[in-house]
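Visitor: I am new to this structure and would be grateful for a close look at a single part of it. Please begin with the surface of the chain and then lead me to the part you have chosen.

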Amino acid sequence: MALLLAKRLAALCVLVSALTGCGSLSETIRYRLTVNVDVDGRLVSGSGVIQVKQSDMRPIFGSMGGAGSEISGEAVMVDLGSHRTLFALLRGPKTGFGDLGGPAWMLFHVFADLLKGEIDPLPKVRLLIKRRPHRVLPLDVIPMLVHFSDPNDPKSVVQVDPANLRATFGADVALREVTIEVTDDPITRAVETKLPWLKTIQGQLDGSRLHTGESFANELNAYDFYRGPNRN
């Protein structure tokens, strides 16, 4: 009996792997996020390509299955020169909200008007890939913005208000817009060159292994700056 059960489980695993590989249980989409900032009367931009692998296991497991997403990519960096570097993170604008506002949520939320005829996640992804839409993000959907008072010290992270960059960087710095565009460009990999300590950090940015919410640095970890194979 145990041998028969093992064979059935193995067959199911093969079936799931085959279906996933041919795209019937997952779809992959990439988008470019571009942050445009006015600095001392000139436009400064930073952009990055983020990948969302959307899965839906319900065709195999019915109500026992579920839908989910796997993110690969990194925070968008904008070099503001003497005004330091601005980062747009892989998370929503508020702390303590899980994946609400994260990369997959944002992708479907911003283009929701194009998806009204679709209910299931995989047809939504296919439609966006086909249409390749481009939008300016509403202010309340812009990912969390941060900078580091000392780039070598993860505890020096400071949240930046997208509506008031002047409060952080000075009177001559203002956010112009943040745009999102579906693309097939390769995923961006560069944030480690600016923040090399991301390779070794464990737990939260304040050094704690636990999320306590006692400080802003404790709200963030490396997962907010990059994700992907061997990084999740």
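Guide: The chain exposes about 12100 Å², and carbon and sulfur atoms supply 53% of that area. The model is a predicted one. Of the 232 residues, 43% count as buried. Seven helices and 10 strands make up the regular elements of the chain. Among contacts between residues at least 6 apart in sequence, 64% join residues at least 24 apart.

The part chosen for a close look is the pair of strands β4 and β5, with the loop between them. These two strands run antiparallel and are joined by four bridges. Within the pair, Asp79 stands opposite Thr85 of β5. In general, strands of a sheet pair through backbone hydrogen bonds, either parallel or antiparallel.

The pair belongs to an open sheet of four strands, arranged in the order β4-β5-β7-β8 with antiparallel pairing. Because β4 and β8 (157-160) each have a single partner strand, they stand at the edges, and one side of each is left without a neighbour in the sheet. Neighbouring strands here are turned by 30° against each other on average, direction ignored.

The loop between β4 and β5 holds His83. Is this residue buried or exposed? His83 has a relative accessible area of 18%; residues under 20% count as buried, and His83 is therefore buried. Its side chain makes a polar contact with the side chain of Asp40, at 3.4 Å. Leaving aside neighbours within four places in sequence, His83 is in contact with Val39, Asp40, Phe169 and Val173.

From the loop, one may turn to the interior of the chain. The largest nonpolar core has 39 residues, and those with the most contacts inside it are Val35, Val37, Leu80, Leu86, Leu165 and Ile180. Both β4 (76-79) and β5 (85-88) are among the elements that give two or more residues to this core; the others are β1 (26-39), β2 (42-56), α3 (103-110), α4 (121-131) and β9 (173-183). The largest share, six residues, comes from β1.

Ile180 shows what surrounds one residue of this core. Apart from neighbours within four places in sequence, Ile180 is in contact with residues including Tyr31, Leu33, Met106, Val110, Phe111, Pro133 and Leu137. Apart from the largest core lies another, of 19 residues, among them Val191, Trp197, Ala222 and Tyr226.

Note on methods: Residues are numbered from 1 along each chain as its sequence is written. This is a predicted model: local features need pLDDT of at least 70, side-chain atom pairs count only at pLDDT 80 or more; totals for chains, interfaces and linings use all residues. Side-chain values use heavy atoms; hydrogens and water are left out. Buried means under 20% relative accessible area, exposed over 50%, partly exposed in between (1.4 Å probe, protein chains only). Contact means heavy atoms within 4.5 Å. Accessible areas come from the Shrake-Rupley method with a 1.4 Å probe; for residues, only the protein chains shown count as cover. A nonpolar core is a set of buried Ala, Val, Leu, Ile, Met, Phe, Trp, Tyr and Cys residues joined through side-chain atoms within 4.5 Å. Two strands pair if DSSP finds at least two bridges between them. Axes are lines fitted to C-alpha atoms, for helices over the stretch in contact, and angles run from 0 to 180 degrees between N-to-C directions. A polar contact is a pair of N or O atoms within 3.5 Å; within protein, one must be able to donate a hydrogen and the other to accept it, and residues adjacent in sequence count only if both atoms are side-chain atoms.
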